[in-house]
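Welcome to a short set of exercises with worked solutions. Keep the viewer open and try each task before you read on.

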Amino acid sequence: MFDLTGRVALVTGAGQGVGAGIARVLASRGAAVAVNDLHEERAAAVADAIGASGGRACAAAFDVTDPSAVRAGVERAVAALGAVDALVNNAGVPPGMGLARFRDMPPAEWARYVDLNLYGVLHCTRAVIDGMCERGFGRVITISSGAGQVGLPIGVALYGAGKGGAISFMRHLAMEVGRDGVTANTLALGLMDNAGDEASVAPLAASVPVGRLGTPEDVGAAVAFLASNEAGWITGQTLGVNGGSVTS
Ligand SMILES: NC(=O)c1ccc[n+]([C@@H]2O[C@H](COP(=O)([O-])OP(=O)(O)OC[C@H]3O[C@@H](n4cnc5c(N)ncnc54)[C@H](O)[C@@H]3O)[C@@H](O)[C@H]2O)c1
């Protein structure tokens with residue numbers, strides 16, 4: 001079950017953190033993985049580590065917010081590994097992202113949240129969706145956040161707007177491509193272990209119903225399932241991967 005042998009996956013923003021974990025888990029299930037990141041050296045380090053542990057991967061550095069860079073980057077990845085069967089839209093934290101209430105955020109700063117969290121998803125999906133539909137198989141999986149599902153008083157309104165927009169896009173995409181063998185689903189993540197110190201992690205972990213923060217491998221397991229043949233009847237869904245923090 002959930003064997004990805006012979007499949008090719010492209011994971012965006014996979015040079016560290018959650019995306020790197022997703023790439024590792026997909027490779028461990030047999031997929032060849034194109035590791036995207038804005039930073040070439042990060043992407044290469046993750047791809048090399050997958051190769052060193054017996055998997056198949058290549059680095060695919062490009063900026064997901066730049067449509068021509070996305071097209072060229074996807075072409076390079078396809079030349080290296082083959083046509084993309086599964087796209088994981090994971091890139092989503094703008095460099096230097098801080099917390100700021102909407103009233104305190106200048107309009108000039110809005111675009112970077114929506115560009116990355118919504119347009120990045122659109123550009124990458126556009127680059128692979130025709131091929132998926134023509135071949136009769138595809139998996140588009142977008143990594144969103146609880147901030148895209150519920151209101152939070154912590155200064156993430158613009159981030160949440162981008163994340164929520166992507167959730168809505170995925171639902172509509174699912175309706176349009178369902179008969180072509182392509183599914184489109186979203187994972188809405190909760191509080192992840194971002195390698196903070198014990199003093200900052202403990203109260204966060206205590207606020208999560210299962211009593212701990214999430215790991216990249218928790219997310220990777222859910223992505224591997226959604227990418228598999230066995231998940232072909234699941235589409236248009238938003239699955240909380242959050243230790244029970246937001247229920248549905
Ligand atoms: N970490 C959390 O607590 C948390 C919680 C909820 C949701 N998420 C979501 O999970 C995903 C991964 O988060 P993370 O914490 O691993 O992030 P991270 O910042 O640790 O890593 C993101 C990677 O994406 C890359 N990136 C940024 N902009 C890019 C672009 N334009 N093109 C290509 N690559 C780009 C960065 O260089 C970085 O290596 C994001 O979508 C984020 O919104 C994270």
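For sorting residues by class, Ala, Val, Leu, Ile, Met, Phe, Trp, Tyr, Cys and Pro count as nonpolar, Asp, Glu, Lys and Arg as charged, and the others, Gly among them, as polar. The model is predicted, so local features need pLDDT of at least 70 and side-chain atom pairs pLDDT 80 or more, while totals for chains, interfaces and linings use all residues. Residues are numbered from 1 along each chain as its sequence is written, and side-chain values use heavy atoms, without hydrogens and water.

**Exercise 1. Describe the shell around the ligand by class and by nearest residues.**

Step 1: collect the residues with a heavy atom within 4 Å of the ligand. There are 27, and Val-18, Asp-37, Asn-90, Tyr-159 and Lys-163 come nearest.
Step 2: sort the shell, which gives 11 nonpolar, 12 polar and 4 charged residues.

**Exercise 2. Find polar contacts of the ligand with Asp-37, Asp-63 and Met-192.**

Step 1: look for pairs of N or O atoms within 3.5 Å; within protein, one must be able to donate a hydrogen and the other to accept it, and residues adjacent in sequence count only if both atoms are side-chain atoms.
Step 2: start with the side chains. Asp-37 places an N or O atom 2.6 Å from a ligand oxygen, and Asp-63 has a polar side-chain atom 2.9 Å from a ligand nitrogen.
Step 3: turn to the backbone, where an N or O atom of Met-192 is 3.5 Å from a ligand oxygen.
Step 4: check the cover. The ligand alone exposes 830 Å², and the protein buries 89% of that (Shrake-Rupley method, 1.4 Å probe; for residues, only the protein chains shown count as cover).

**Exercise 3. How do E2 and E3 run, and what is the hand of the crossover?**

Step 1: take strands as DSSP runs of E with at least two residues and helices as runs of H or I with at least four, numbered from the N terminus.
Step 2: strands pair if DSSP finds at least two bridges between them. E2 and E3 (residues 56-61) are parallel, with 6 bridges, and Val-35 sits opposite Ala-59 in E3.
Step 3: follow the chain from E2 through helix H2 (residues 40-52) to E3; this β-α-β crossover is right-handed (clockwise from the first strand over the helix to the second, with the strands pointing away from the viewer).

**Exercise 4. Is Thr-125 buried or exposed?**

Step 1: locate Thr-125 in helix H4 (residues 110-135).
Step 2: apply the cut-offs: buried is under 20% relative accessible area, exposed over 50%, partly exposed in between (1.4 Å probe, protein chains only). Thr-125 is buried because its relative accessible area is 2%.
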